[in-house]
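Me: I'd like to go through this one by asking what earns each label. Can you set the values against the cut-offs for me?

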Amino acid sequence: MNKILIAAGLFISLLCSAQSASYSSSEIYDDLLRLQNKTTVMYVAAHPDDENTRIISWLTHEKHVDAVYLSLTRGDGGQNLIGTEKGELLGLLRTQELLEARKIDKGRQWFTRALDFGYSKTATETLKFWDKQQILGDVVWAIRKNRPEIIITRFDPNSNGETHGHHTASAILAMEAFDLAADPKAFPEQLKFVKVWQPKRLFYNTSWWFFGSKENFDKSDKTGLFPINVGTYYPTLGISNNEISSKARSKHACQGFGTALERGSDLEYLKFLKGDQPKTNDIFDGINLKSENATIQKQLDLAVSEYQFSNPKLSLQRLIQVYESIKKENPKDPKLAEVKDLILKTQGIYFEWTTEKALGTSGEEIPTRLEIANRSSQDLMVKFSGNTSEKILANESFKENQKFKIANGKYSNPYWMEKMPKNNLYINENPAEIGLPEISNAITKKVTFNFGSTKIDFDIPLQQKTVDPSIGELYQPFYTVPTFVASFEQENFIFSNQPKQIAVEVQSFTGNSTATVSLKGSKDWKISPSQRVNFKEIGEKQKLYFQVEPLSKNANSTLETIIQSEGKNYDQALQLVEYPHIDRQIWIKKSQAKIQNLDLKIPALRIAYIKGSGDDIPSFLGAIGLKVQELDIKNWNISQLKSYDVIILGIRAFNTQPELAMINQDLWKFVENGGLVINQYNTNRGLLTNDIAPFPLKLGSSRISEEDAKLKMLIPNHPVFTTPNKITNLDFENWVQERGLYFADSWDGKMIPLLEGNDTGEAPNKGSLLVGNYGKGMYVYTGLSFFRELPAGVTGAYKLFMNILALGQ
């Protein structure tokens, strides 16, 4: 199994062109213009969705230079508006969204190893959590590797404490790395693989956002700023720059950044920070965009000037010359992949190697189909690995069904997730991999196309191809996985001194197989014996139940799955991230769950749940024995509320569920009649109604990002802290990522604040947990991050949530 480095996103571009049957002559010409220039510009920010796609698209389509977005993180600590993925899985999703955005705006994607640990209020705090030297080294590495002439930061390096700490930190690191990348004494270990590099200049991409409003920005003094018109219309493409960027921006679906297309003139501004200041309004003033190799540049210029829109095939010989010249000068030049891509596009050569299977195992023989279509005007000689050859006539295709045996090798897995993160840093020490958006352990077939005396190699990745009658062809990556995998229904199980049946779903990727499945825990737990299971079909799933019983009051352990078959042990789980706007992703990790025995008293209540976004709390409440019914508010019937004692509103419910603006009065009537409504956090921007409570309640943007910040119980004898579980200061230990967010800013006198806390150096805040009587019932608003704490198995969070629920008794 070949290991293909998707360096700088070029493999993705090649794959798209090879599969696409609908690239236009104008798009080919646009790619050719980018090939003509050698200059790179690096845009630096902190997270997926921080990048300004308007500028990236302007760089690639108007200036036709190489634009790379360096995102310090993969967005692991954010929220998810379209699913329940959190942490590493969310980072996997957001990585793919970035790659989809780059396919549209034609930029490239790059990362550091920084883990997004959640909101940080200062860059000072951020750089302590990240280990500044480690991430600074990654930024220096990215500059030396990509060799940008210009660096643009999304955020102001002088904004410490004014915005998300990750944001300011990204600009501070860019400022420092700008100089260090040229210093051979800085990170000298990198110089085994790259040379020092000094960018020419560094800018900050200012915006109305930093001025509070567009009106304020319009009135501001723009002396010294460099304006860029990002609304340019491209007649050859039939689309404007801001339309392209809007489409790219909309790929950030899990962050809710779908946007209408923008058209017309529009300005962005850059503020000069460091380096050689331009003498004109052109940020490229004094920078040579062309190659230092005069022969190569002349060939590129001729390829552009001779290009014929009506017959791109005539560009072949010129592109062959460019390919040979670049290869002679530097066989590792990334431009080679771009030239190969253009050769395929201009000649209309199409290839694919597919199977109907999505997953395979080492040693498995699978049916595949190879197709190569020669839509050029001349015959094409193709040589396959194994030295067999085939002549494909002009406008003809070669198709062949082949059996393929998967060689023993590594499983397909995101390279940065092979090891668990440590100290807010992904563990990867291979310089060849650091920074890459992804590495695919792809199975490939090598083919060589003969263009006269020039032979060019291509690696065709094996992909899954299916046909949906309602959609048509669908392509997804093909992955190599373990023969057996097992998954728990959740990552944490809470016990209350009673045995529990725990389900394990075992899946086999080989037919007619037998396996023995067992669970392994510590000596503080009694676990039922192993079970033998038979599988007939490939991909078959079977659910097994094991009784797990705590033997001590404070038993706490990790529960692992062990699968034995034909003398081999398997202990992996397979997790999928699958959405229509990205390629399907997998994560192969250890099959394990956390088990805890708590002295937890659970109220007997009838609970209804109205989901918000990215919210998996109902399953965790159900796992401890509560009966939770999810309500379908699209088919609302007020009479159904009579069946419940408590209604819980999921996170961001008033931001994401339009129906709540119509049925909220029914909820307040429910409270008035004696019910309990628990409203979890909503953002103060984008509320679908301001009536989020039965009395006046206004949300702010305040939060407590320090997960260990001290919380003071304002009314210690309140039932929330006493019934049925006694809450002490110990119950606020071991929380993850944060205390909470989007606390209430002001509230009606009928509401009582129960907690007070703050991040270091800030004034106390009382808006994290409010309780108010309304009629015969009660209403609760809480910004506490139960949506993170319950899945993480935080003991105190469970006890506190049970007490809040008990207000409905």
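Me: What makes N52 a cap for the N-terminal end of helix 3?

Reply: Keep in mind that this is a predicted model. In it, a side-chain oxygen of N52 lies 3.0 Å from the backbone nitrogen of R54. A polar contact needs N or O atoms within 3.5 Å, and the 3.0 Å of this pair satisfies that.

Me: Why is helix 3 described as largely enclosed?

Reply: Nine of the nine residues in helix 3 (residues 53–61) are buried, so the rest of the structure largely encloses it. Among them are R54, W58 and H61.

Me: Why does D49 count as buried?

Reply: Its relative accessibility is 10%, and buried means under 20%, so D49 makes the cut. D49 sits in the loop between strand 2 and helix 3, and has a positive phi of about 90° although it isn't a glycine.

Me: And why is K106 called partly exposed?

Reply: K106 has a relative accessible area of 36%. Partly exposed is the band between under 20% and over 50%, so K106 belongs there. K106 is also a non-glycine with positive phi, about 70°, in the loop between helix 4 (87–105) and strand 4.

Me: How do you know that the span of helix 6 is close to what's expected?

Reply: Helix 6 (residues 132–146) has 15 residues and reaches 21 Å from first C-alpha to last, against an expected 21 Å at 1.5 Å a residue. Right after helix 6 comes R147, with a positive phi near 55°.

Me: What makes helix 6 largely enclosed?

Reply: Eleven of its 15 residues are buried, so the rest of the structure largely encloses helix 6. The buried set includes D138, W141 and R144. Those buried residues pack against strand 2 (40–45), strand 3 (66–71), strand 4 (108–111), helix 5 (123–130), strand 5 (150–153) and helix 7 (165–180).

Me: How do you know that strand 25 and strand 29 pair?

Reply: Pairing takes at least two bridges. Strand 25 (residues 513–520) and strand 29 have five, in the antiparallel sense, so they qualify. K520 stands opposite E560 in strand 29.

Me: Which other strands pair with strand 29?

Reply: Strand 33 (residues 592–597) does, antiparallel over five bridges, with T558 opposite K594. Strand 30 (residues 568–570) also runs antiparallel to strand 29, joined by three bridges, and I563 has Y570 as its bridge partner there. Strand 29 and strand 30 form a hairpin with two residues between them, and E566 in the turn has a positive phi of about 50°.

Me: What makes strand 35 and strand 41 edge strands?

Reply: Seven strands form an open, mixed sheet in the order 35-34-36-37-44-43-41. Strand 35 (628–630) and strand 41 (751–753) each have a single partner strand, so one side of each is left without a neighbour in the sheet. Neighbouring strands in this sheet are turned by 20° against each other on average, direction ignored.

Me: What makes helix 18 pack on that sheet?

Reply: Contact means heavy atoms within 4.5 Å. Helix 18 (residues 795–806) touches strand 34, strand 36, strand 37 (676–680), strand 43 (769–774) and strand 44 (777–782), and its direction makes about 140° with that of strand 37.

Me: What makes the T723 to P724 peptide bond cis?

Reply: Its omega is near -5°. P724 is in the loop between helix 16 (719–722) and strand 40 (744–747).

Definitions and conventions:
Residues are numbered from 1 along each chain as its sequence is written. This is a predicted model: local features need pLDDT of at least 70, side-chain atom pairs count only at pLDDT 80 or more; totals for chains, interfaces and linings use all residues. Side-chain values use heavy atoms; hydrogens and water are left out. Helices (H or I, at least four residues) and strands (E, at least two) are DSSP runs, numbered from the N terminus. Axes are lines fitted to C-alpha atoms, for helices over the stretch in contact, and angles run from 0 to 180 degrees between N-to-C directions. The expected span of a helix is 1.5 Å times one less than its number of residues. Buried means under 20% relative accessible area, exposed over 50%, partly exposed in between (1.4 Å probe, protein chains only). A polar contact is a pair of N or O atoms within 3.5 Å; within protein, one must be able to donate a hydrogen and the other to accept it, and residues adjacent in sequence count only if both atoms are side-chain atoms.
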